[in-house]
Amino acid sequence: MAAFILRRLAQSVIVMLTVALVAFALFRFVGDPIASMVGQETTLAERAELRTALGLDEPFLVQFGNFVARAVTGDFGISYRLQQPVMELIMSRLPATLELAMVSGILAFAFGVGFGVYTALRRGGWASSTIMTVSLIGVSLPTFLIGVLLIWVFAVELQWLPSFGRGDTVYIGDWWRTGLLTESGRASLILPAITLGLYQMTLIMRLVRAEMLEVLRTDYIKFARARGLSNRAVNFGHALKNTLVPVITITGLQLGSIIAFSIITETVFQWPGVGALFINSVRFVDVPVMAAYLMLIALVFVVINLIVDLLYYAVDPRLRVDRANARH
Amino acid sequence: MSDIIKKPEPGRVARAWDSDISYSFRKSPLAIVAAGVSLLIILAAIFAPWIAPHDPFNPATLNLMDGFTPPMEPNQFTGNTYWLGTDNQGRDVFSTILYGARISLFVGFMAVAFAMVLGITLGLIAGYRGGWVDSLLMRVADVQLTFPSILLALLIFGVARGFIPPAYREAMAIWVLIVAIGLSEWVQYARVVRGATMVEKSKEYVQAARVIGAHPAKILIRHILPNVMGPVLVIATIGLALAIIAEATLSFLGVGVPSTQPSLGTLIRIGQGFLFSGEWWILLFPSLTLLALALSVNLLGDWLRDALNPRLR
């Protein structure tokens, strides 16, 4: 057990260091950091002095070590474009992204499981076939197109919902700005949350449906029916419960995708989150922001995968046997 | 004696017509429609300069007075009629779609080709050699698979853009895009080819080739490669749809192809800007084209996967 966790941790650290190396190389080789910091009048001597003061004349590995040390404390320098500390920028926009991701994740899970169970139980009904067909279209539509079409229908034609921004926001505590407590904030959240969650919803729905159909064929379901249990108890107490383990795993892994696709959704809806910040940093080659986002995303994915792997290890004893055999 | 019994050898075309794949294709209306739509769009894109009523990116052929002409209606100033209307600069939407599809498809095909060459090469080597090369490559593949490919393409594109000197950024954008999308999708090919190679390499024909002293490169390319191409073809077809969507997404986000060479994604981004002023056709038609293209290529890939899988017959 300890060996497995250690190996898995070491692997995560290697991944993070590789990403850090890419981020550092960006800093080091894209333009001259000194040139982007000083004005026209700075003399060559002053530039050289600054170079020494910042440690830019030290060996590559020493500089990389310093970069990693600073990154661990959350110091990524100052954005070239916005002239603000990068960490401050990211922290001020993180609540917007997290609220969006959370709401769409919950929507995707609730509707995914609901539709999945319904289509599995009422196989062949017209409502089921409609849901399945719509889900097929939902999977093949690119995320940004879903967003644009939703804006067209609900913001332009029907004028029910706002098409961009977060609406009014209020502070909870010192820095968490939330849109969930105001009416316009909640209205602004609906379209982006649907856009972001639709793909995940179809994925969860198809998974739940397939798992349900599988489980409903098993003997213990037949036995439960034979015991005269109500449909409700059989379908939800026995069948659904046993489909949820893989569903929760997949949903956990999809968290990363939600963050990835939030870049797209935030751009479509001009949502002031971290993803939109990143897209702008790519457009203007704002290296500190790009580097920080790169590290942040890598960290999120590494942590999610680490947790899922460790959970698997804890839940599934077969993995342990395999490892033991492989070693001898 | 034997030449009396011998039937004439069927030609290549006849043999292709009689094959299982061809039979399953002719029996699947969905596959025929999907292939038809894909082929139509691809041909229209290839022959865009001859089909398009005018070159939308040649200012000499544009008339600003033609701007915002609705589809199938004569323009109020010039009296010109356009099938799909015009955009703000008087560019015929039908022409911009043809030229846009050309760029989308070019990036898509090149990215798939790049991913395929890289993935097949690494997969063959990993599967044939085994050992540390194999475990290193598969570790990298595992790590890469945990990231969604669109995010990866975006990150690679951003990083690569940073390394290119500003003077070349616009000119290199398309190639950077192709490499970024290709790099984000090579893993699928490498995994499948590696698995198939490991199965093939223990078979007798490979051992025979090794016994007669054939060079490993020759064994891999001449003997093993043709036998692992089936699944690769399926991945490549679905990969094309993915690559087209990835390109459209990046261009829509404004970080893909340069604005002088608008792809379907760029056209949709431009069209979104006119949604609120009521010029819906600038958005709708490029979106429909992208959807038709992605959907039909996807369906074709699905059909190919079922057709090549003997277990499903």
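In this predicted model, helix H4 of chain A passes helix H7 of chain A in a right-handed crossing. To find the pair in the structure, look for residues 86-121, which form H4(A), and residues 183-216, which form H7(A); the axes of these two helices come within 6 Å and cross at roughly 35°. Sorted by class, the residues that make up the contact of H4(A) with H7(A) are 21 nonpolar, 7 polar and 1 charged.

From this pair we can move along chain A to helix H8, which spans residues 219-226. Is this helix buried or in the open? A residue counts as buried if 20 or more other C-beta atoms lie within 10 Å of its own, and of the 8 residues of H8(A) the number that are buried is 0, so the helix lies largely in the open. Just after H8(A) comes Gly228(A), a residue whose backbone takes a positive phi of about 85°.

Chain A also carries a label from a record: an unreviewed UniProt entry gives residues 94-312 of this chain the annotation "domain: ABC transmembrane type-1". Within residues 94-312 of chain A, 79% of the span is helix and 3% is strand, while the C-alpha atoms at its two ends lie 29 Å apart.

Turning now to chain B, the reader will find 13 helices and 0 strands, so that, read along the sequence, the pattern is α-α-α-α-α-α-α-α-α-α-α-α-α. Taken along the principal axes, the C-alpha atoms of chain B fill a box of roughly 80 × 60 × 35 Å. Of the 313 residues in this chain, 45% are buried. When the contacts in chain B with a separation of 6 or more are considered, 69% of them are between residues that stand 24 or more positions apart.

The last step is to see where the two chains meet. How many residues does each chain bring to the contact? Chain B brings 30 residues and chain A brings 29 residues. On the side of chain B that touches chain A, the elements that give two or more residues are helix H8 (149-163), helix H11 (216-252), helix H12 (264-273) and helix H13 (281-308) of chain B. Among these, H8(B) gives the most, with 9 residues. By class, this side of chain B has 21 nonpolar, 8 polar and 1 charged residues.

Key: Residues numbered from 1 in each chain as written. Chains lettered and ligands numbered in written order. Predicted model: local features only at pLDDT ≥ 70, side-chain atom pairs only at ≥ 80, totals over all residues. Contact = placed C-beta atoms within 7 Å. Helix = DSSP H or I, 4+ residues; strand = E, 2+ residues; numbered from the N terminus. Nonpolar A, V, L, I, M, F, W, Y, C, P; charged D, E, K, R; others polar. UniProt positions renumbered as here; feature names shortened; annotations may be inferred. Buried ≥ 20, exposed ≤ 12 C-beta atoms within 10 Å, placed from the backbone. Axes fitted to C-alpha atoms, helices over the stretch in contact; angles between N-to-C directions. Left-handed = near helix turned anticlockwise from the far one by under 90°.
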